[in-house]
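Morning, everyone. I have one chain to walk you through today. Please bring it up on your screens.

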Amino acid sequence: MVQDQLANKERYSKAPELALWATENEGDGRAYSDPFEPKSRFPSVTTVLKLVEKSALVGWAARKVAEKAIERWMDMGRDPEQIMKWLPFAHNDYRDDRGWVGSGLHAAIDADCKGEWFVHELNDEQKAMFAQWEHAKAALMIRVRLSEFTVRIGDTMGTADLLIDISEDFGDTWETLIVDSKSSRSIWPEHKMQLGILSKATHYFEKVPEGTPGAALHKYADPETKKQVKTYWLKKPMPHFDGAAILHIREDSWELIRVNNLDLHAKRFSIYRQDWDLKKELKELGD
């Protein structure tokens, strides 16, 4: 069972096909390549948002370390040296576990949206969350237009979860929304900034068969097999949409949280984007 979970974790952690791993971007986080600009490198939206100050998480991390210390006190054998090697990073175990839960849910929703068979095992928590996704689909009469699609916004790229049509009045009226699904306990300001900047995309990339007129070639090394993979892409105009929202999914509930003031959230993101450039320039200068 543990081996299955580890295999699923690795499977869920796969980047979008146009994304590059952190090691391919000098350790600065995930980057993307635009297939129409060979050898291009653009930071991902989520990489830029890692610059957001998270002082509120300091207390959370301290609590998680304390909880783990109590839980594993006997295992550590009261050895101070062993404690100092392991305990300062104990909160990362919880963070990584929660990331695994969210990644698995995202993968299952994406497969469902694309009508693909999802072969990876979900744990009970993920199954409960997926059931809430199905409740949301029925209640909102969700029609999926795009799922896990990569976009470019100037000198930044990112992948949006969903572009969907919904109706909250049994089909009398419909609206189209860019949606980011979240399974975290709380919704944070960076979640809104993420939707704000994604809403500014004018084009998205669609994977197409080899030989498709106008398609650009994108080559990358498969992270599992290390073999070179060739894919082909079209750059297509973003469809019209009416707004953006977060679909907040928990084990026992779901909520569609509309994100307003997208222009301001995008403008706030741009501040962090400028900071990312300055940080990189200073690093290159050895400062």
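I'll go through the cores, then a surface patch, then the salt bridges and the strand pairing. One caveat before anything else: this is a predicted model.

Let's start inside. The largest nonpolar core has 27 residues. Which of them touch the most other members? They are Val45, Phe149, Val151, Ile153, Ile178, Met238 and Phe269. Several elements supply at least two residues each: helices H2, H7 and H8, and strands S4, S5 and S10. For orientation, H2 covers 45-48, S4 covers 143-153, and H8 covers 262-284. H8 gives the largest share, with 5 residues.

Now zoom in on Val151. Ignore its neighbours within four places in sequence. What is Val151 in contact with then? There is Thr156, Met157 and Gly158. There is Leu198 and Ala201. Then His203, Tyr204 and Phe205, and finally Met238. Met238 came up a moment ago, as one of the core residues that touch the most other members.

There is another core, apart from that one. It has 21 residues, including Val101, Ile166, Val179 and Leu247.

Out to the surface. Met141, Phe170 and Trp174 form a nonpolar patch there. Together they have about 350 Å² of accessible area. Met141 sits in the loop between helix H6, residues 124-140, and S4. Is Met141 buried or partly exposed? Its relative accessible area is 31%, so it counts as partly exposed.

Next, charges. The structure holds 15 salt bridges. I'll take three pairs and one network.

Pair one is Asp112 with Lys137, at 2.7 Å from N to O. Asp112 is in helix H5, residues 90-113, and Lys137 is in helix H6. They are 25 residues apart, so to speak of distant parts of the chain is fair. Both ends are partly exposed: Asp112 at 28%, Lys137 at 26%.

Pair two is Arg143 with Asp165. The closest N and O atoms are 3.6 Å apart. Arg143 lies in S4 and Asp165 in S5, so this bridge ties together parts 22 residues apart in sequence. Here the two ends sit in different classes. Arg143 is partly exposed, at 40% relative accessibility. Asp165 is buried, at 11%.

Pair three is Lys236 with Glu206, with 3.0 Å between the closest N and O atoms. Lys236 lies in strand S9, residues 228-237, and Glu206 in strand S7, residues 203-208. That ties together parts 30 residues apart in sequence. Lys236 is partly exposed, with a relative accessible area of 29%. Glu206 is partly exposed too, also at 29%.

And the network: Asp34, Glu37, Arg152 and Lys235 are joined by salt bridges that share partners.

Last item, the strands around that third pair. How do S7 and S9 pair? In the antiparallel sense, over 6 bridges. Val208 stands opposite Tyr232 in S9. S9 is also joined to strand S8, residues 216-221. That pairing runs antiparallel as well, with 6 bridges. There, Ala216 has Trp233 of S9 as its bridge partner. As a reminder when you look at the sheet: in a regular strand, side chains alternate between the two faces.

To recap. Inside, a core of 27 residues, and apart from it another of 21. On the surface, the nonpolar patch of Met141, Phe170 and Trp174. Among the charges, 15 salt bridges. And S9 pairs antiparallel with S7 and with S8. That's it from me.

Conventions
Residues are numbered from 1 along each chain as its sequence is written. This is a predicted model: local features need pLDDT of at least 70, side-chain atom pairs count only at pLDDT 80 or more; totals for chains, interfaces and linings use all residues. Side-chain values use heavy atoms; hydrogens and water are left out. A nonpolar core is a set of buried Ala, Val, Leu, Ile, Met, Phe, Trp, Tyr and Cys residues joined through side-chain atoms within 4.5 Å. Buried means under 20% relative accessible area, exposed over 50%, partly exposed in between (1.4 Å probe, protein chains only). Helices (H or I, at least four residues) and strands (E, at least two) are DSSP runs, numbered from the N terminus. Contact means heavy atoms within 4.5 Å. Patches are made of residues with over 30% relative accessible area and no salt bridge: like charges are joined within 9 Å, nonpolar side chains (Val, Leu, Ile, Met, Phe, Trp, Tyr) within 5 Å. Accessible areas come from the Shrake-Rupley method with a 1.4 Å probe; for residues, only the protein chains shown count as cover. A salt bridge is a side-chain nitrogen of Lys or Arg within 4 Å of a carboxyl oxygen of Asp or Glu. Two strands pair if DSSP finds at least two bridges between them.
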